[in-house]
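Here are some exercises to work through with the model open beside you. Try each task before reading its solution.

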There are 2 protein chains.
Amino acid sequence: MEYSLTDIAEKLKAAREAKNLSQRQLSQLAGVPQSHISKIESGHVDLRVSSLIQLSRALGLELTLVPHNTLPAVKTMARGAVHSPVKNTGNTSAVLNALKRLERTTRDLGRHHPTDKLLAQLQSQIKELRHLRVPDSYLETIQQADKQLRATEQQAAHLETVGNTLSEFRHLRNSLVHGLSESPAAELTRPAYHLDEHDDG
Amino acid sequence: MEYSLTDIAEKLKAAREAKNLSQRQLSQLAGVPQSHISKIESGHVDLRVSSLIQLSRALGLELTLVPHNTLPAVKTMARGAVHSPVKNTGNTSAVLNALKRLERTTRDLGRHHPTDKLLAQLQSQIKELRHLRVPDSYLETIQQADKQLRATEQQAAHLETVGNTLSEFRHLRNSLVHGLSESPAAELTRPAYHLDEHDDG
DNA sequence: TTTCTTGATCTGTTTTTATATATCATAGAT
DNA sequence: ATCTATGATATATAAAAACAGATCAAGAAA
């Protein structure tokens, strides 16, 4: 119900990860040493308000004092906004839907193979893709991967398929990150947070 | 738009005053030395988050991190709740209305005599009464004072009336604060914050 | 294998809070 | 004139953050 130091630490960490920022990147944005950020996020430090303000601003958060009775309302309000860590990447809805569907497929798959490490890697790989601009030229690739995975569902022989898909998506991800995509939208191929946070107050 | 250290300092001070707490009283509630509170409120100190949390809790406030885009909504929401510093004193609506009317009367009077120091004192005296339990036995006194003040409105000879009313209300206030009221509700004659904040978390 | 990124950790130094205690001037009340 | 409450300050000490810089291990990429 009430916020404590560790709650705030967790919130900061969650906000940073939602923005796909490393501690060192945030360090630059906020003007706070990385070593200090590490300590703060792990709750080992009773930081000063100025530091908290700096970090919050860099993360698009604002420090406020609200009356106790309005806390619940404020919480739900904030939850709705915070819970959309995936920013506008300019992806078409087709790509977006394909990614969402693929995510669900792997999630379903995970229910039958909870300990599959390969699968977990694939899941995080897909998750990362949602932060990148994925050209439509990859749409078919994504859809095909989804189809294959669905076909192997519940089969023990799915290992090969998952492995193949994983390496395929790793390659895709790296192409996008490094702007080596063969798509015409090479200029837009950047981490999402560069798109809408280029000009900060 | 964005909160800074001094903004927070001001907010703390405003919250404390809205609760009619002295720095020493808050010091006891929050477990923070009065000297430190003085420094904090004057913005001379970059306090630690733990201290801020302690003070906030004692004042019925909660420290939260909200996304930038939800800030306006949160602000208006908080304003509505904070902007009612007058707590439930158990006064009857008759007394409440009389006080409100009296407040308005002095405000109107103030427009014609903006520099009148006596009048200003009377206004703050009335304001203070709203924090106290005022027995109905004083209703007539209040109403009469209001009538007299309204009668002298715009007259240069109002000085005497204001002075009389002022000393009268000072006496009333002191009676109430010290529980010396001749009213039967002597037991309830306490500062309002004792009534609803006796049990804190 | 080699390289790079990430987050955690260590060392040493500087700065500042936090705390306890006391004092002071002011304003109000008696 | 006296007594009291208030907020701002002063001093001294202890504890801790802030900072800079280096390092380390794990994971992933080349």
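## Exercise 1: The contact between the chains

In this predicted model, 32 residues of chain A and 31 residues of chain B take part in the contact.

**Task.** Find which elements of chain A each supply at least two residues of the side that touches chain B, and sort the residues of that side by class.

**Solution.**
- Step 1: Start with the elements, which are α1 (5-18), α4 (49-58), β1 (61-67) and α5 (71-82) of chain A.
- Step 2: Sort the residues of this side of chain A, and you get 19 nonpolar, seven polar and six charged.
- Step 3: Look at the strands: β1(A) pairs with β1 (residues 61-67) of chain B in the antiparallel sense, over seven bridges.
- Step 4: Within this pairing, find L65(A), which stands opposite L63(B) in β1(B).

## Exercise 2: The symmetry

**Task.** Work out what turn and shift lay chain A on chain B, and which relation that is.

**Solution.**
- Step 1: Recall that two copies of a chain are related by a rotation about an axis and a shift along it.
- Step 2: Here the turn is 179° and the shift along the axis is 0.0 Å, and chain A then fits chain B with an RMSD of 0.2 Å.
- Step 3: The relation is therefore that of a two-fold axis.
- Step 4: Locate the axis in chain A: the C-alpha of R48(A) is the nearest to it, at 2.0 Å.
- Step 5: Compare the two sides of the contact: 94% of the contact residues of chain A recur in chain B, so the same surface serves both copies.

## Exercise 3: The nonpolar cores

**Task.** Find which residues touch the most other members of the largest nonpolar core.

**Solution.**
- Step 1: This core has 42 residues, and those with the most contacts to other members are L12(A), V49(A), L52(A), L55(A), V49(B) and L52(B).
- Step 2: Follow V49(A) into chain B, where it touches L5(B), I8(B), D46(B), L47(B), V49(B) and L52(B).
- Step 3: Another core, of 15 residues, lies apart from the largest one and includes V95(A), L99(A), L102(A) and V162(A).

## Exercise 4: Around the DNA

**Task.** Find which residues come nearest to DNA strand D, and which element gives the largest share of the surface near this strand.

**Solution.**
- Step 1: Of the 21 residues around DNA strand D, the nearest are S35(A), R48(A), S22(B), S35(B) and S38(B).
- Step 2: α3(B) gives the largest share of this surface, four residues.
- Step 3: By class, the surface near DNA strand D has four nonpolar, 10 polar and seven charged residues.
- Step 4: Turn to DNA strand C, where α3(A) gives the largest share, five residues.

How values were computed:
Residues numbered from 1 in each chain as written. Chains lettered and ligands numbered in written order. Predicted model: local features only at pLDDT ≥ 70, side-chain atom pairs only at ≥ 80, totals over all residues. Near = placed C-beta within 6 Å. Nonpolar A, V, L, I, M, F, W, Y, C, P; charged D, E, K, R; others polar. Least-squares fit on C-alpha atoms with pLDDT ≥ 70 in both. Contact = placed C-beta atoms within 7 Å. Core = buried A, V, L, I, M, F, W, Y, C linked by C-beta atoms within 7 Å. Buried ≥ 20, exposed ≤ 12 C-beta atoms within 10 Å, placed from the backbone. Pairing = 2+ DSSP bridges. Lists of a residue's contacts leave out its neighbours within four places in sequence.
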